[in-house]
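This briefing is meant to be read beside the sequence and the model. Please keep both in view while going through the points.

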Amino acid sequence: MVTISGKSVFGGVSIGKLLFYKRSEKVIKRTHVDNVDDEWARFQKAKDTAVSQLKELYEKALDDVGEANAMIFEIHQMMLEDLDYLESIENIIRTQEVNAEYAVAATADNFAKMFAAMDDAYMQGRAADVRDVSERVLDILCGVSKGMKEMDEPCIIAADDLAPSETVQLDKSKVLGFATMFGSSNSHTAILARTMNIPAVIGMGEALLQEYDGKDAIIDGFTGTLYIDPDEETMKAMQEKRARDLEQKALLETLKGKENVTKSGQKINVYANIGNVSDLGAVLKNDAGGIGLFRSEFLYLENSDFPTEEQQFAVYKQVAESMAGKKVIIRTLDIGADKQVDYFGLDKEENPALGYRAIRICLTRPEIFKTQLRALYRAAVFGNLSIMFPMIISVKEVLKIKEIIAEVKEELTSEGIPFKDDVELGIMIETPAAVMVSRELAKEVDFFSVGTNDLTQYTLAIDRQNSKLDEFYDPHHPAVLAMIKMAADNAHAEGAWIGICGELGADLELTEEFLKMGLDELSVSPSMVLPLRKRIRECE
Ligand code: PEP
Ligand code: MG
């Protein structure tokens, strides 16, 4: 088995034979011509034919990939009418007294190099377009027909790069995926692959060899990997991944835009958990109603020093803006226990899960906490942001947090820095202590979010990290469920809302029970949003 990595431009898994895209072979020679007027006229005629071919392609693309994507073939027509482009060709024919083929090839080369050297990624992508239109004219001048041999069976198309016109001309029903050596994710081929919902990996470089033509292959468009002659184990894993993906896509088709509502009309919010801005795409793709848990500590874990206020502000703002008014709940840092960061200089502890972690660090090292709060209050201006605090055990802690928030707001005000004043505040219910005093806690906050991973650990006195205890770690334990119910009742009694952001929220066996408890929200990994929506819609 050969494994080649590239850049993914569209997710999905496809399995099939690899087929190298074959172009018509033509050799462009530089030859002397006596009559430059005739040669210029010969070029113009070829160019006009190319323009009318592009008009036809535009019509085909309009049907296949929609107006926005078909536009590229209008742009190609304009490129062929571009005065600089035409002037260059005419100038080469007339001054060098050479054939039109040579003039077109030379001009295409010069223009493509010029585009490729530009700073702007979009303009760099145009290098492929100018080559594409010029190839078309050259084919006409040389009298060769464009395209590739008929495909008998659906294949994964391999190529050095694929021009948009080549991509759109392929018989879509026979294309399982694209694998290319070069190309940019901004190229229209990449855009078309996305629009056509075809798994595609580009930029594999010289590792993608012609000799793989005809071999069995798998494209994993999620990781940007191409497997040639896959072994049994990889094949099995990829088949499963493909089945899951297809199931997910089918769900997406039927459930996208639908409400999370039971048969009897009970509604519940379904949000997604993220650890990073790179997860945002999955959140939007899976149609989550918001972000129920942004584990902000990943920002600290990825850094070699404390992330600055500006760094954090930029990330929170991006998340808030990208979610365009949908709720985004950011949890303040939950460092400690299994999430250790050297630069925090934390001591080694006997019982880290019961130790110096999360809000305990924030309340005793307020300089770290304040930096994060400043960034959060500033970013809240840019969307619908809520803040949530982890590992709470007492009302006293919440009051202390509020004091620190008041200081942060005062400082921002005196510095004249814009921030949102009335940010929704919540706490995580992760400890039995928090459950037991949840009625009092609910008076102080807007919402609860139950962290069932920790709540199970602390309720059952079972280390969630210890795999030896897996058979004892039972999040369905009646004690855990009773804790959730108690917190829900107390939240509602005080007018607060309550959700679950621990793994249990995605446990479809419990969905009905959570609905009965009257939970207002479930926040799950992005890929679980639609299966959960499906389950909710099946419940009475
Ligand atoms: C939890 O404890 O359930 C939770 C969501 O937080 P984390 O898993 O990050 O500890
Ligand atoms: Mg937790």
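The points below treat the overall build, the ligand site, a cavity, and some single residues.

This is a predicted model, in which local features need pLDDT of at least 70, side-chain atom pairs count only at pLDDT 80 or more, and totals for chains, interfaces and linings use all residues. Residues are numbered from 1 along each chain as its sequence is written, chains are lettered from A and ligands numbered from 1 in the order in which they are written, and side-chain values use heavy atoms, with hydrogens and water left out.

**Overall build**

- The protein has 20 helices and 16 strands, where helices (H or I, at least four residues) and strands (E, at least two) are DSSP runs numbered from the N terminus.
- Taken along the principal axes, the box filled by the C-alpha atoms of the protein is roughly 95 × 55 × 50 Å.
- Of the 540 residues of the protein, 50% count as buried; buried means under 20% relative accessible area, exposed means over 50%, and partly exposed lies in between, with a 1.4 Å probe and protein chains only.

**The site of ligand 1**

- Ligand 1 is surrounded by 14 residues, of which the closest are Arg295, Arg331, Gly451, Asn453 and Arg464; a residue is near a molecule if one of its heavy atoms lies within 4 Å of it.
- An oxygen atom of ligand 1 is 2.8 Å from an N or O atom in the side chain of Arg331, which fits the definition of a polar contact as a pair of N or O atoms within 3.5 Å (within protein, one must be able to donate a hydrogen and the other to accept it, and residues adjacent in sequence count only if both atoms are side-chain atoms).
- Backbone atoms also take part: a polar backbone atom of Gly451 is 3.3 Å from an oxygen atom of ligand 1, and a backbone N or O atom of Thr452 lies 3.1 Å from an oxygen atom of ligand 1.
- On its own, ligand 1 has 290 Å² of accessible area, and the protein covers 98% of this; accessible areas come from the Shrake-Rupley method with a 1.4 Å probe, and for residues only the protein chains shown count as cover.
- Strand S10 (290–295) and helix H17 (452–460) are the elements that give two or more residues to the shell around ligand 1, and the largest share, three residues, comes from H17.
- The shell around ligand 1 divides into three nonpolar, four polar and seven charged residues, where Ala, Val, Leu, Ile, Met, Phe, Trp, Tyr, Cys and Pro count as nonpolar, Asp, Glu, Lys and Arg as charged, and the others, Gly among them, as polar.

**Helix H17 and the loop after it**

- Gln457 lies in helix H17 and is buried, with a relative accessible area of 6%.
- The side chain of Gln457 reaches the backbone nitrogen of Arg464 at 2.8 Å, and Arg464 is also among the closest residues to ligand 1.
- Ala461 is found in the loop between H17 and helix H18 (478–493), where Ala461 has a positive phi of about 55 degrees although it is not a glycine; at 68% relative accessibility, Ala461 counts as exposed.

**The second largest cavity**

- The structure holds two cavities of 30 Å³ or more; on a 1 Å grid over the protein atoms alone, a cavity is a set of points where a 1.4 Å probe fits but cannot get out, and lining residues have an atom within 4 Å of a point.
- The second largest cavity has a volume of about 30 Å³, a volume being the space filled by probe spheres set on the points, with grid points joined across faces, edges and corners.
- The second largest cavity is lined by Phe389, Val398, Ile401, Leu425, Ile427 and Val445, and helix H14 (395–414) and strand S13 (424–429) are the elements that give two or more residues to this lining.
- By class, the lining of the second largest cavity has six nonpolar, no polar and no charged residues.

**Helix H1**

- Trp40 lies in helix H1 (residues 36–65) and is buried, with a relative accessible area of 11%.
- Ala46 also lies in helix H1 and counts as buried at 5% relative accessibility.

How values were computed: 1 Å grid on protein atoms, 1.4 Å probe; cavity = no way out; pocket = protein on both sides within 12 Å on 5 of 7 lines; lining within 4 Å.
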